[in-house]
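Student: I have this one open on my screen and would like a walk through it. Start wherever you like.

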Amino acid sequence: MGIKNVRRGVLVGRFQPFHFGHLSVLNYALERVDEVILVIGSPQLSHSIDNPFTAGERLFMLTKALHEANIDSEQFYIVHAPDVHNNAIWVSFLVSMCPPFHIVYSNNPLVKRLFREAGFQVEETPLFNREKFSATEIRRRMQSNEDWHSLVPKAVITCIQEIGGLERLNDVAQTDV
Ligand code: NAD
């Protein structure tokens, strides 16, 4: 296939942390396009209850999890796209951080809206066990000492252990009173 015929899609996420829902969306996209650009959103956020992990730590998790899942490294790119305080220009900024792409896979209403307004083809994906495969649910379980290991790839557990992620989440969830 000539380079001009490569079909390339985008998947934007905060990946706080990367879980089996994200992996299923990626596999769904890879059944439809040749290459996927995984965009780490809000890379400037970390050390909070909703965004515990740094951009570098999320890059670490994604890289290890995709390798573990035997996804060919020629089929994906991982980039960062910092948030901007102006939704109207976010897509053009994100485009400047990515290889060229033609289609966006997302279930996030704002993301879908902004890309459609910018003229991109946007497709929703099926929801894969959304109640459990949810980063919010995983962070809740991590804080309440419930099972979260079954919701993320093994490689993500190893990364979170290496960076002391559980201890960090529990620390930032505390108050000073
Ligand atoms: P996320 O990690 O929560 O989700 C990533 C994608 O995976 C979403 O489309 C979500 O719907 C999908 N998903 C998650 N679990 C799934 C499951 N079980 N089954 C099917 N789909 C599933 O990330 P997010 O918060 O949606 O990321 C959006 C990013 O875009 C954020 O970083 C946000 O700040 C950024 N953003 C920035 C601006 C701006 O800067 N102005 C504007 C819009 C969006």
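Tutor: First, a term we'll need: helices and strands here are DSSP runs, with at least four residues for a helix and at least two for a strand, numbered from the N terminus. Also keep in mind that this is a predicted model.

Student: Fine. How many helices and strands are in the protein?

Tutor: The protein has seven helices and five strands.

Student: And in what order do the elements run from the N terminus on?

Tutor: The order is β-α-β-α-β-α-β-α-β-α-α-α.

Student: OK, so what sits in the loop between β1 and α1?

Tutor: Pro-17 does, ahead of helix α1, which covers 20-30. Look at the peptide bond going into Pro-17 from Gln-16: that bond is cis, with omega near 0°.

Student: Noted. Back up to β1 itself, then. Where is Arg-8 found?

Tutor: Arg-8 belongs to strand β1, which runs over residues 8-13.

Student: Is Arg-8 buried or exposed?

Tutor: Buried. Its relative accessible area is 8%, and the cut-off for buried is under 20%.

Student: A charged side chain in there? What does the side chain of Arg-8 make polar contacts with?

Tutor: One partner is Glu-35, whose side chain makes a polar contact of 2.7 Å with that of Arg-8. The side chain of Arg-8 also reaches a backbone oxygen, that of Pro-100, at 2.9 Å.

Student: Which residues is Arg-8 in contact with, leaving aside neighbours within four places in sequence?

Tutor: The list includes Val-33, Glu-35 and Ile-37, then Tyr-77, and then a run from Pro-99 through Pro-100, Phe-101 and His-102 to Ile-103. Going by the element ranges, β2 covers 35-41 and β3 covers 76-81.

Student: Switching topic: backbone oddities. Which residue other than glycine has a positive phi?

Tutor: His-47 is one of them, at about 55°. His-47 sits in the loop joining β2 and α2, and α2 spans 55-68.

Student: How accessible is His-47?

Tutor: His-47 counts as partly exposed because its relative accessibility is 43%. Asn-70 also has a positive phi, near 60°. You'll find Asn-70 in the loop between α2 and β3.

Student: Is Asn-70 buried or exposed?

Tutor: Exposed, with 70% relative accessibility.

Student: Now the helices. Where is Ile-89?

Tutor: Ile-89 is part of helix α3, residues 87-96. At 42% relative accessibility, Ile-89 is partly exposed. Its C-alpha is 9.4 Å from that of Ala-118, a residue 29 places away along the chain.

Student: Zooming out, what does the C-alpha trace span along its principal axes?

Tutor: About 55 × 35 × 25 Å. The radius of gyration is 16 Å, and a compact globule of 177 residues would be near 16 Å, so the two agree.

Student: What share of the residues is buried?

Tutor: Buried residues come to 45% of the 177. As for the surface, the protein exposes about 9500 Å², with carbon and sulfur atoms supplying 51% of that area.

Student: And how far apart are the mean positions of the positive and negative charges?

Tutor: They are 5 Å apart, taken over 17 positive and 20 negative charges.

Student: Last one: of contacts between residues at least 6 apart in sequence, what share joins residues at least 24 apart?

Tutor: That share is 67%. For a concrete example, go back to Arg-8 in β1 and its contact with Ile-103.

Notes
Residues numbered from 1 in each chain as written. Predicted model: local features only at pLDDT ≥ 70, side-chain atom pairs only at ≥ 80, totals over all residues. Heavy atoms only, no water. Rg over C-alpha atoms; globule rule 2.2 N^0.38 Å. Buried < 20%, exposed > 50% of the residue type's maximum accessible area, 1.4 Å probe, protein only. Contact = heavy atoms within 4.5 Å. Areas by Shrake-Rupley, 256 points an atom, 1.4 Å probe, with all protein chains shown as cover. Lys, Arg positive; Asp, Glu negative; His and termini not counted. Charge placed at Lys NZ, Arg CZ, Asp CG, Glu CD. Polar contact = N/O pair within 3.5 Å; in protein donor to acceptor, adjacent residues only side chain to side chain.
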